[in-house]
Amino acid sequence: MKKLVIFDLDGTLVDSIYDLADCVNSALRAYNLPENTLAEYYSFVGNGIENLIRTSMKSQGNNDELYRKVRTFFDEEYRLHCNDKTCAYKGVAQMLSALQAKGIKTAVLTNKAHNFVEGILDKCFPEHSFSLAWGQQEGIDRKPSPQGLLKMISELGCDISECVYVGDSEVDVRTAENAGVELICVLWGFRSKEQLICAGAECMVETAEELLQKIITK
């Protein structure tokens, strides 16, 4: 049985696509840029806020001055509304409780800006305590760099072989590969099974209950 499970956040523990889409579209609208559909945002997320916004800006994505304005508007909008519709996926809170009861540590590593992470976790999992929860911040390279994952494993006193990483995207597949950490991909997130298979994912689960069983039998 593993001693540590490190989770991605968006698309893995929480469904945040509605708040992300609403806030980016508000920022685009403020600068007379075309808005995007919810379906488009599923493919835009996963590589951090800068990539999300530049991709959402489409033909204007390389306009640095305009990007900074849109980003500033988004940051304030998301600060106010990041928890309006964001919620835990079905069964995830119970799965986390079961891991805790078995003495397995849990942590979060996400490309979401660090200052948003704590508030979302507090709302979605008020009864669960994560050992560490890191978002994108200075001094930690953005996934798929293995730096954050390896640093987190080390700080929590575990060996790579004692850890499993859980995510929902191609970025998570590459992160686990780069770190040499076992990976489980969830199929309820922002990518399809076909996309994950193409990215190289081998172990995939459809429910939180199935995820729990995979973890405790590893």
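Student: Why is Cys23 called buried in this predicted model?

Tutor: Cys23 has a relative accessibility of 3%, and because buried means under 20% relative accessible area, Cys23 counts as buried.

Student: What makes Cys198 exposed?

Tutor: The relative accessible area of Cys198 is 72%, and since the word exposed is kept for values over 50%, Cys198 is called exposed.

Student: How do you know that the structure holds zero disulfides, and what is said of Cys23 and Cys198 in this respect?

Tutor: A disulfide is a covalent bond between the sulfur atoms of two cysteines, and the pair of sulfur atoms has to lie within 2.5 Å to be counted. For Cys23, the closest cysteine sulfur is that of Cys82, at 7.8 Å, which is too far for a bond. For Cys198, the closest cysteine sulfur belongs to Cys185 and is 13 Å away, again too far for a bond. The count for the structure is zero disulfides.

Student: What makes a set of residues a nonpolar core, and which members touch the most others in the largest one?

Tutor: Such a core is made of buried residues of kinds such as Val, Leu and Phe, joined through side-chain atoms within 4.5 Å. The largest has 53 residues, and those touching the most other members are Phe7, Leu13, Phe74, Val92, Met95, Phe125 and Leu211. Helix H1, residues 17-30, gives the most to this core, with seven residues.

Student: Which residues does Leu211 touch, leaving out those up to four places away in sequence?

Tutor: Leu211 touches Phe7, Met95, Val166, Ile184, Val186, Trp188 and Val205.

Conventions. Residues are numbered from 1 along each chain as its sequence is written. This is a predicted model: local features need pLDDT of at least 70, side-chain atom pairs count only at pLDDT 80 or more; totals for chains, interfaces and linings use all residues. Side-chain values use heavy atoms; hydrogens and water are left out. Buried means under 20% relative accessible area, exposed over 50%, partly exposed in between (1.4 Å probe, protein chains only). Helices (H or I, at least four residues) and strands (E, at least two) are DSSP runs, numbered from the N terminus. Contact means heavy atoms within 4.5 Å.
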